[in-house]
Amino acid sequence: EAYVSLPSQKSPVSVSLSASVEKLATSVSGRPKWTPETWKNYNPNQMPVYEDQDELKAATDELGGYSPLVFAGEVRSLQENLAKASQGHGFLLMGGDCAESFGEFNVDHVRDTFRVILQMSLIMTFGSAMPIIKVGRMAGQFAKPRSEPTETIDGETLPSYRGDIINSEAFTGDARKNNPQNMIKAYHQSTQTLNILRAFSTGGYADISRLHAWNLDFVDKTEEASRFRQLTTKVDESLRFMKAIGVDTTLPAFTTTEFYTAHECLLLPYEQALTRQDSTTGRWYDCSAHMLWVGERTRQQDGAHFEFVRGVGNPLGVKVSDKCTPDQLLEICDQMNPNNIPGRLTIIVRMGAEKLRKNLPGLIRAVQREGKSVLWISDPVHGNTFKTENGFKTRSFDAIREELRAFFDVHDEMGSHPGGMHLEMTGEDVTECVGGLQALDENDLNKRYHTSCDPRLNGVQALQLAFLVAERMRQ
Ligand code: PEP
Ligand code: MN
């Protein structure tokens, strides 16, 4: 029953949520008071350089006048859910594209990812009897950190592609130029994505009595689909039983769902332009998404990204690989969550199974020893990327499953709560990751390889993982 046991941490200092930001802004030792632009005084790792500062200013001024994409009240309700999860009561499911793109955007694409996340969440709720907090890597997941600043093809060297919010993928000088207008385009696409997500969450689509309609056509004939259908039959029976004893199944808990958005907080001019002060509490929120995370490549203490996120009231994630030492992790906790507020900080572990078994116990031990409140979640995909002989960047389903298994094993041993998972996935029938029930191999990859960045699990592979996690949480 490891998943229900509370972490053996000292209980976190209780601080009311609304009292936090003034303190956040002043309590990081040695730092001047935070404002939405103090990040400019720190190292701009991975930040694009714009040639024309007037164009940049015109774009960010325009964004500054646009309406927020998310609202402070929604952000606070996510934070409350995460706080409960960090205390052992809940599981965070984050998923979506590695990079959203202008080319791949359409209603069906958004709906399909939303639909798989709903299905996974149903599977895992049934398995764990725990609330599943649903967060899409959607409506803002455009900017990408790159390992190399340039790319060379056939002797020609150009700047790397950094995501559609910054430049374009085509290998020409024009396309690879950083264009501030792309931020405006990304904002407008995000408003459409959010509009679709809000309609699907509350407009009847997510009604539990309609869960048969959530099926994905291409999944239909697979074993996962029949397992899902068996589950829907059980849910139907439970609903009929509840109705019979007088439970009102037209209440919002049955007919709507809460769905949140998140992305990597990378392109700070965009994030700053959408950062607004909440009129009721005076706190600053980055209204580009409910939750933001700082990536493995930009989590330096002297970096602009840490400076920016420390001042906003959104729940924050930090990606950590095996390169993160226990001391660094404690520094991250002090800097991002100086008042130790539950739900404020999620540690997203991405190291590969073997390194995770070796390194995660030490990180958990440090956090337990110092009584820090964090939510631990697993990103089992980013530590498992490799290139095939025929040139595709891919991941193996087995390696992903092994990392998740290792994550659960280590938490069992340490008495801490395995609090969620973070996946790159899509509802579509892509062939980007090898393995899984469809037994995709390297020669299948060229069939439907559509990602504009890292390889994603397809709908069947994502459901398969959900069943595995559900079984694990039931133990
Ligand atoms: C990502 O989530 O797409 C990403 C770049 O992750 P990481 O920072 O963990 O490499
Ligand atoms: Mn990625």
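**Close-up 1. Glu 296 and the residues it touches.** Leaving out residues up to four places away in sequence, Glu 296 touches Lys 319, Val 320, Ser 321 and Arg 350. This is a predicted model, and in it Glu 296 belongs to the loop between β8 (291-294) and α9 (304-310). Glu 296 counts as buried because 20 other C-beta atoms lie within 10 Å, and the cut-off for a buried residue is 20 or more such atoms.

**Close-up 2. Arg 350, a contact of Glu 296.** Arg 350 sits in the loop between β10 (345-349) and α11 (353-370). With neighbours within four places in sequence set aside, Arg 350 is in contact with Glu 296, Lys 319 and Ser 321, and its contacts also include Asp 379, His 382 and Gly 383. Arg 350 is buried, since 22 other C-beta atoms are found within 10 Å.

**Close-up 3. The surroundings of ligand 1.** Glu 296 and Arg 350 are both among the residues around ligand 1, and the others listed there are Cys 98, Pro 145, Glu 264, Gly 295, Arg 297, Lys 319, His 382 and Asp 454. Sorted by class, this shell is made of six charged, two polar and two nonpolar residues. An unreviewed UniProt entry carries the annotation "binding site" for Arg 137, Glu 296, Arg 297, Lys 319 and Arg 350.

**Close-up 4. Four further annotated positions that gather at one spot.** The feature "binding site" is also placed by UniProt, in an unreviewed entry, at Cys 98, His 382, Glu 424 and Asp 454. Although these positions span 357 residues in sequence, no two of their C-alpha atoms are more than 10.0 Å apart, and therefore they gather at one spot. Cys 98 is located in the loop between β1 (91-96) and α4 (107-128), and it is buried because 24 other C-beta atoms lie within 10 Å. Not counting residues up to four places away in sequence, Cys 98 touches Glu 424 and Asp 454, and it also touches Thr 451, Cys 453 and Arg 456. His 382 lies in the loop between β11 (375-378) and β12 (385-387), where it is buried, with 21 other C-beta atoms within 10 Å.

**Close-up 5. Strand β1 and its pairing with β2.** Strand β1 is mostly covered, as six of its six residues are buried. The covering applies to both faces of the strand, with Phe 91, Leu 93 and Gly 95 buried on one side, and Leu 92, Met 94 and Gly 96 buried on the other. Strands β1 and β2 run parallel and are joined by five bridges, and Gly 95 has Gly 136 in β2 as its bridge partner.

**Close-up 6. Strand β5 and its two parallel pairings.** Six of the six residues of β5 (residues 259-264) are buried, so this strand is largely enclosed by the rest of the structure. Strand β2 runs parallel to β5 and is joined to it by three bridges, with Gly 136 standing opposite Thr 261 in β5. Strands β5 and β8 also pair in the parallel sense, again over three bridges, and the bridge partner of Ala 262 in β8 is Met 291.

**Close-up 7. The largest nonpolar core, seen around Leu 92.** The largest nonpolar core has 114 residues, and those with the most contacts inside it are Leu 92, Leu 93 and Met 124. Helix α4 gives the most to this core, with nine residues. Apart from residues up to four places away in sequence, Leu 92 touches nine residues that can be followed one by one: Leu 82, Ala 85, Ile 133, Val 135, Thr 346, Leu 375, Ile 377, Gly 419 and Gly 420.

**Close-up 8. Two alanines with a positive phi.** Most residues other than glycine have a negative phi. Ala 139 has a positive phi of about 60° although it is not a glycine, and Ala 439 has a positive phi of about 50°. Ala 139 is found in the loop between β2 (132-136) and β3 (150-153), whereas Ala 439 is found in the loop between β14 (418-424) and α13 (459-474). Ala 139 is buried because 29 other C-beta atoms lie within 10 Å, while Ala 439 is exposed because 9 other C-beta atoms lie within that distance.

How values were computed. Residues numbered from 1 in each chain as written. Chains lettered and ligands numbered in written order. Predicted model: local features only at pLDDT ≥ 70, side-chain atom pairs only at ≥ 80, totals over all residues. Near = placed C-beta within 6 Å. Nonpolar A, V, L, I, M, F, W, Y, C, P; charged D, E, K, R; others polar. UniProt positions renumbered as here; feature names shortened; annotations may be inferred. Helix = DSSP H or I, 4+ residues; strand = E, 2+ residues; numbered from the N terminus. Buried ≥ 20, exposed ≤ 12 C-beta atoms within 10 Å, placed from the backbone. Contact = placed C-beta atoms within 7 Å. Core = buried A, V, L, I, M, F, W, Y, C linked by C-beta atoms within 7 Å. Pairing = 2+ DSSP bridges.
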